[in-house]
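Subject: Structure handover

Hello,

Here is the structure you asked about, followed by notes on what was found in it. Please read the notes with the model open beside them.

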Amino acid sequence: MTPEQRREMIVRAALPLVVEYGTSVTTAQVARAAGIGEGTVFRAFGDKDALLDACMAEALRPDDTLAHIASVSMELPLAERLIEAAEAMRGYLSRMGAVAGALAASGGLRRRDPSAPEGREDESPEERLRRGGDARRASMAAHQEVLAGLFEPERDALKLPPDRLAQAFQMLVMSAGRHPGTLTSAELVDLFLHGALTTGEPG
């Protein structure tokens, strides 16, 4: 197992514990969950703060969600494609919120923006914030790109270009994702595609 694979394995074991215990989670708990010695955790991450940063970064990482959306079959009707995409995105938002909420509630999320890639040790707080903003914009753009692909087969029947519809759909899903239980993904997609009225035009 390479050092990077070992870090990934430890983070996967730590994530559910971080959701449950926040910053109160101990490296001994993580080591037991991962089936390794506690010293291995410290050799991989240096200290618990670095491990918590890695957990938050993993929760923010959109790779799996993007791959899931990109793999949605174009043979499905548009509504079903969008429902699958919405479910994937809402799952991502839920995981991210669970980890961030647990860390924030227990005093975490204080070191740096975990969505930002690693930078220089001597960089300023302003530079860190700028890198974090760049990472978030890149994630948003990547989501919009894969979502736009879901609209492509119906391009000739669309009121707006696929990229603009992807942006609007992303905003709608992100908003609904913060309030689970208000709308199912199927209801959200139906509203997006057909509006609020059952029949006819607005009076």
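To start at one residue, Glu80 sits in helix α6. The model is a predicted one, so please keep that in mind for everything below. Glu80 is partly exposed, at a relative accessible area of 41%. Its C-alpha atom lies 10.0 Å from that of Ser185, although 105 residues separate the two along the chain.

A second pair links distant parts of the sequence. Ser106 is found in the loop between α6 and α7 (125-151). From C-alpha to C-alpha, Ser106 and Gly22 are 5.6 Å apart in space, with their positions 84 residues apart in sequence. Ser106 counts as partly exposed, with 28% relative accessibility.

Overall fold

The protein chain contains nine helices and zero strands. In sequence order the pattern is therefore α-α-α-α-α-α-α-α-α. The chain has 203 residues, and 37% of them count as buried.

Nonpolar core

The largest nonpolar core has 29 residues, and the members that touch the most others are Val30, Leu51 and Met56. Two or more residues of this core come from each of α1 (3-21), α2 (27-34), α3 (38-45), α4 (48-60) and α6 (78-105). Helix α1 is the greatest contributor to this core, with eight residues. As general background, nonpolar side chains tend to be buried together in soluble globular proteins.

Annotated region

The unreviewed UniProt entry carries the annotation "DNA-binding region" for residues 26-45. In the model, the chain over residues 26-45 is 80% helix and 0% strand. The C-alpha atoms at the two ends of residues 26-45 are 13 Å apart. The label comes from the UniProt record, and these notes add nothing to it.

Salt bridges

How many salt bridges does the structure hold? There are four, and three of them are described here.

- Arg155 and Glu152 meet through their side chains in a salt bridge, at 2.9 Å from N to O. Arg155 is partly exposed at 43% relative accessibility, and Glu152 is partly exposed with a relative accessible area of 36%.
- Glu58 pairs with Arg61 in a salt bridge whose closest N and O atoms are 2.8 Å apart. Glu58 is partly exposed, at a relative accessible area of 28%.
- Asp63 also forms a salt bridge with Arg61, at 3.5 Å from N to O. Asp63 counts as partly exposed, at 41% relative accessibility.

Arg61 itself has a relative accessible area of 34%, so this residue falls in the partly exposed class, which lies between the 20% and 50% limits. Through shared partners, the salt bridges join Glu58, Arg61 and Asp63 into one network.

Second largest pocket

Which residues line the second largest pocket? The lining is made up of Leu78, Phe151, Glu154, Ala157, Leu158, Lys159, Leu165, Phe192, Leu193 and His194. The volume of this pocket is about 340 Å³. Sorted by class, the lining has seven nonpolar residues, one polar residue and two charged residues. Helix α9 (residues 185-194) gives the most to the lining, with three residues.

If you want a place to begin in the viewer, display the lining of the second largest pocket, with Phe192, Leu193 and His194 among its residues. After that, select Glu58, Arg61 and Asp63, which salt bridges join into one network.

Regards

Notes
Residues numbered from 1 in each chain as written. Predicted model: local features only at pLDDT ≥ 70, side-chain atom pairs only at ≥ 80, totals over all residues. Heavy atoms only, no water. 1 Å grid on protein atoms, 1.4 Å probe; cavity = no way out; pocket = protein on both sides within 12 Å on 5 of 7 lines; lining within 4 Å. Points joined across faces, edges and corners; volume = space filled by probe spheres on them. Helix = DSSP H or I, 4+ residues; strand = E, 2+ residues; numbered from the N terminus. Nonpolar A, V, L, I, M, F, W, Y, C, P; charged D, E, K, R; others polar. UniProt positions renumbered as here; feature names shortened; annotations may be inferred. Buried < 20%, exposed > 50% of the residue type's maximum accessible area, 1.4 Å probe, protein only. Core = buried A, V, L, I, M, F, W, Y, C linked by side-chain atoms within 4.5 Å.
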